[in-house]
Amino acid sequence: NISTVSEFVFVGLSDAPEIRLLLFVLFLLIYLAAMAGNITLLVAISTDSHLHSPMYFFLGNLSLLDLLCPTITVPRMLGALLLEHKKISFSGCLLQHFSLITVVGTEIFLLAVMAYDRYVAVCQPLRYPSIMSTKLCAQLALGTWATGLLNSLLHTSLVFTLSFCGPNKIQQYYCDIPPMLALSCLSNHSRELVILVVAGVLGSSACVVTVVSYIYILLEILARKSPGIWHKAFSTCGSHLTAVCLFFGTTICTYVRPSFTYSPHRDRVVSMLYGMLTPLLNPIIYSLRNKEVKCALKRVISQV
């Protein structure tokens with residue numbers, strides 16, 4: 001009498017009808033602002049020759065990821081809020097899960113690469129052009145995307161080969177690892193252990209590289225003892241580390257923990273931080289405060 005689940009139903013945020021319209025407007029504005037910021041940044045980087053450097057090449061990749069991440073989840077969430085279209089097919093859920101884990105994993109590795117790039121620029125400025133060559137930058141970017149893709153293939157194959165024969169309500173507004181594990185009707189301890197180990201090793205390694213790189217950058221800046229160096233150090237490294245810690249903290253909190261600690265309400269809030277807020281803040285924190293980017297945007301606007 002066991003039947004296989006062929007579709008899932010999102011519970012997500014649409015279980016609060018009294019504030020559904022307010023949530024729709026709020027998340028639509030956040031989504032549009034994130035899209036506008038990242039598209040503007042991509043246009044400036046691709047069209048202005050002054051921004052054709054390794055730093056902005058990686059920033060362009062980051063902006064592309066920040067375009068994809070909310071686009072994978074937010075439109076369907078908005079549809080559920082406004083039209084109450086909550087159902088998704090099994091194949092659609094699989095595709096959404098695979099795409100999201102690919103983007104999130106790639107961004108984790110890309111942030112580590114960006115931190116290394118800034119470390120070389122600050123701590124070894126004379127060797128920077130030779131170290132961060134065009135070939136190496138392309139290899140690093142390709143490597144981050146390939147690693148994110150392989151990581152997603154592993155996680156998606158582990159999750160979607162489970163048996164789903166009971167409740168089909170996903171306590172989230174998109175298909176993610178924790179709520180999918182919670183729906184499995186068979187024991188999944190071994191697969192959960194593999195997911196924890198892989199996510200823990202890859203996530204913590206990228207996090208260590210990122211944090212250590214910024215620590216070396218901060219120490220190098222402070223060792224120069226130039227006028228106003230404290231303000232410069234904390235205005236640059238501080239803002240970057242804030243964004244990095246926000247993204248790493250929320251993603252690690254979501255994926256590197258056992259399933260018995262899963263809390264639907266808490267996970268919805270945490271997922272919004274890295275799925276919606278981080279793509280909105282990254283263009284501001286990483287680039288729009290930069291004088292070179294501001295000048296490039298002015299040139300692009302004047303040309304238009």
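**Entry 1: the sheet**

I started at β3, where Ile 170 is the bridge partner of Phe 10. A reminder to myself before going further: this is a predicted model.

Next I asked how β1 and β3 run relative to each other, parallel or antiparallel. They pair in the parallel sense, over 2 bridges.

Then I turned to the other neighbour of β1. Strand β1 covers residues 7-10, and 3 bridges join it to β2 in an antiparallel arrangement. I looked up two residue pairs here. Phe 8 has Ile 88 of β2 as its bridge partner, and Glu 7 stands opposite Ser 89 in β2.

Putting the strands together, I get an open sheet of 3 strands in the order β2-β1-β3, with mixed pairing. Which are the edge strands? They are β2 (87-89) and β3 (169-170), and each of them pairs on one side only.

I also noted a rule for reading sheets: side chains in a regular strand alternate between the two faces.

**Entry 2: the helix across the sheet**

I wanted to know which strands helix α3 lies across. Helix α3, residues 90-123, lies across β1, β2 and β3, and it runs at about 85° to β2.

**Entry 3: the annotated segments**

I checked the UniProt record next. The entry is unreviewed, and its "transmembrane region" annotation covers residues 21-44, 56-74, 94-116, 136-154, 193-219, 240-257 and 269-288.

I picked two of these stretches and asked what the model shows there. Residues 94-116 are 100% helix and 0% strand, with the end C-alpha atoms 33 Å apart. Residues 193-219 are also 100% helix and 0% strand, and there the end C-alpha atoms are 38 Å apart.

**Entry 4: the second largest pocket**

Last, I went looking for pockets and settled on the second largest. Its volume is about 210 Å³. Which residues sit closest to its centre? Of the 14 residues in the lining, those are His 52, Ser 53, Pro 54, Tyr 56 and Phe 57.

Two elements give two or more residues to this lining, α2 (54-83) and α5 (134-160). The largest share comes from α2, with 5 residues.

I then asked how the lining of this second largest pocket divides by class. I found 8 nonpolar residues, 6 polar ones and no charged residues.

**My recap**

If you are following along on screen, begin with β1: it pairs parallel with β3 and antiparallel with β2. Then find α3 lying across the three strands, and finish at the second largest pocket, where α2 gives 5 lining residues.

Conventions. Residues numbered from 1 in each chain as written. Predicted model: local features only at pLDDT ≥ 70, side-chain atom pairs only at ≥ 80, totals over all residues. Heavy atoms only, no water. UniProt positions renumbered as here; feature names shortened; annotations may be inferred. Helix = DSSP H or I, 4+ residues; strand = E, 2+ residues; numbered from the N terminus. Pairing = 2+ DSSP bridges. Contact = heavy atoms within 4.5 Å. Axes fitted to C-alpha atoms, helices over the stretch in contact; angles between N-to-C directions. 1 Å grid on protein atoms, 1.4 Å probe; cavity = no way out; pocket = protein on both sides within 12 Å on 5 of 7 lines; lining within 4 Å. Points joined across faces, edges and corners; volume = space filled by probe spheres on them. Nonpolar A, V, L, I, M, F, W, Y, C, P; charged D, E, K, R; others polar.
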